[in-house]
Amino acid sequence: MRRWIADRWVMGVALLVLGYLSLPIVVVAGLSFNRPSSRLSYDFNEFTLDNWTQPCATSDMCDAVVRSMEIGLIATVVSTLLGTLMAFALVRHGFRGRAGINGLIFLPMATPELVMGTSLLALFVAAGVPQGFWTIVIAHVMFCVSFVVVTVKARLSGMDRRLEEAAMDLYASEWQTFRRITLPLVLPGIMAAALLAFSLSFDDFIITNFNAGTTVTFPMYVWGAAQRGIPPQVNVIGTAMFAIALLLVGASTLRGRRARRAALVAPVAAVGTPKSAS
Amino acid sequence: MTALAHVPTSAGEPAAAPRRSRSRLLPYLLLLPGAAWLLIFFALPLLQLAAASLYDPGGSLSTGYAMTWAFDNYPAALQAYWPHFVRSFAYSAIALVLALLMGYPLAYAIAQKAGRWKNLLLVAVVAPQFTSFLVRTLAWKTILSDNGALVGLLRDVHLLGPDGRLLATPFAVVLGLTYNFLPFLVLPLYASLERLDSRLLEAASDLYASPLRAFQKVTLPLSMPGLIAGTLLFFIPATGDYINAELLGTPNEYMIGNVIDSAFLVRLDYPQGAALSFLLMAAILAIVFGYLRKAGTEEVL
């Protein structure tokens, strides 16, 4: 009995902690079906589907969601491009000043967001740049680049260089080798980096808050609404974000599993075919 | 784009001179856009913030600030807001201890005990992050609400007085900080513990080590890199956070972030806000480097 407990208490604690981590999601999903008793109430009052059928009843909120998506998409494309180029340089090339570049990439991840947000604000004000949509994009690209570099670098340094050498030995040009071998192999890393960048950008509040001017992103909308009263549709967006992300994870896991199964089956099939043909 | 595929050519092929010079330039070309972005929008702003922290405190945004090398801004800001500094570090330290007590067993269970459920449990740790940070934090307002089930239960068992509250207390803020940054602690810790060879623990127990001693002598030292990375990833954002204090606390629980936010966006006192930001960064950096030196693993960086 003591052994049984000793073996399982860790798992028990772990499940309790997972419960603590999941509780707010359950509450958000529940509140998305709530008709609150008053604007400033956070308690569950009455079941309704209205929030889901009319998610844009407060049009400010949907405008903010759209703006966050626009900013997220632009910041993702730019930061993924810049970060991927840097990752290639770091993994594939020798150059002077590597320590400096590594520091420049590491520091933004170790600096409190508050400091990055206020310092950019100080710069924009000193330079007389009016704040708005594009200053948010600039800030988001800045803090996303480092995460892209780290993610792509991890994929790139784990790659088997012999595959590229084999392609070159088989008379593939540099461009063909890159298109047919390197890019497909690094692509999962680049996609992961892009998804990470988008979610960082979409959810950022602190840095955005200092550099938004009068532009309102979704987190900024929620922050403002917390003082005036939160429309229940905010929870619909929260639940939908969660569901979409979960679907993406599920789909990529399934595809990975199918690809792995195919990889197992393919050699067998390749060996099997000539035999059955003969 | 061809450049990206630069692969060392086989020894027999004569490398043309112009190509070689291109490939020597190539890494710098690849680095240039990203490095320039970080220099202009990360490093340069820090210098501007340093300058702003020394502006004449008598100026204003409309009349403009004069650079007077006003080093007095620092002691003045510290004197006015030292309780907020103390509170920031105290709250995030308590939250860190709570997070370690919860996060270590969780990371260990996923890495060593979960078997085929490993990936599912990992998703369960990461998944809450998919929903907006602010929306999740607001959910705690519902959970800790005065009319909620939790407060009702605690009042019934007399852990809380009849008028006792959870919301708008330091407890709520610390709980929110712990919740919001726990995954940043768990994931690196998991990565370290996943590589732990369970045969080492069997060997320890074969040599008559108690489970506690085996943990002290084997598990803990081997998980050190993940533990250090995780505590830093937790501590840095938690200390600079002001969302939890704003949404779950009252002005009595305000942390230094709330003060800096209002200095820049409400009071428009840029010299003071800049001085406070710099003090926060200096304090965090001092703690981080002191900690890394003590832990003796500088390669984490």
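This is a short tour of a predicted model, starting with chain B and ending in chain A.

Select chain B and colour it by secondary structure. Its 301 residues form 12 helices and zero strands, so the pattern read along the sequence is α-α-α-α-α-α-α-α-α-α-α-α. The radius of gyration of chain B is 25 Å, well over the 19 Å from the globule rule for 301 residues, so the chain is more spread out than a compact globule. Reduce the display to the C-alpha trace and turn it along its principal axes: chain B spans about 85 × 75 × 35 Å.

Keep chain B selected and look at its packing. Buried residues account for 42% of the chain. Of the contacts in chain B with a separation of 6 or more, 66% join residues 24 or more positions apart.

Next, show both chains and pick out the largest nonpolar core, which has 144 residues. Those with the most contacts inside the core include, from chain A, A:Met86, A:Met142 and A:Val145. From chain B, select B:Ala107, B:Leu185, B:Phe234 and B:Leu276.

Centre the view on A:Met86. Which residues does A:Met86 contact, leaving aside its neighbours within four places in sequence? In chain A there is A:Val149, and in chain B there are B:Leu30, B:Leu31 and B:Gly34.

Last, go to helix H10 of chain A, residues 218-228. The buried residues of H10 are A:Phe218, A:Pro219, A:Met220, A:Tyr221 and A:Val222. Step just past the end of H10(A) to A:Gly229, where phi is positive, at about 115°.

Notes:
Residues are numbered from 1 along each chain as its sequence is written. Chains are lettered from A and ligands numbered from 1 in the order in which they are written. This is a predicted model: local features need pLDDT of at least 70, side-chain atom pairs count only at pLDDT 80 or more; totals for chains, interfaces and linings use all residues. A nonpolar core is a set of buried Ala, Val, Leu, Ile, Met, Phe, Trp, Tyr and Cys residues joined through C-beta atoms within 7 Å. A residue is buried if 20 or more other C-beta atoms lie within 10 Å of its own, exposed if 12 or fewer, and partly exposed in between; C-beta atoms are placed from the backbone. Two residues are in contact if their C-beta atoms, placed from the backbone, lie within 7 Å. Helices (H or I, at least four residues) and strands (E, at least two) are DSSP runs, numbered from the N terminus. The radius of gyration is taken over C-alpha atoms; the globule rule is 2.2 Å times the number of residues to the power 0.38.
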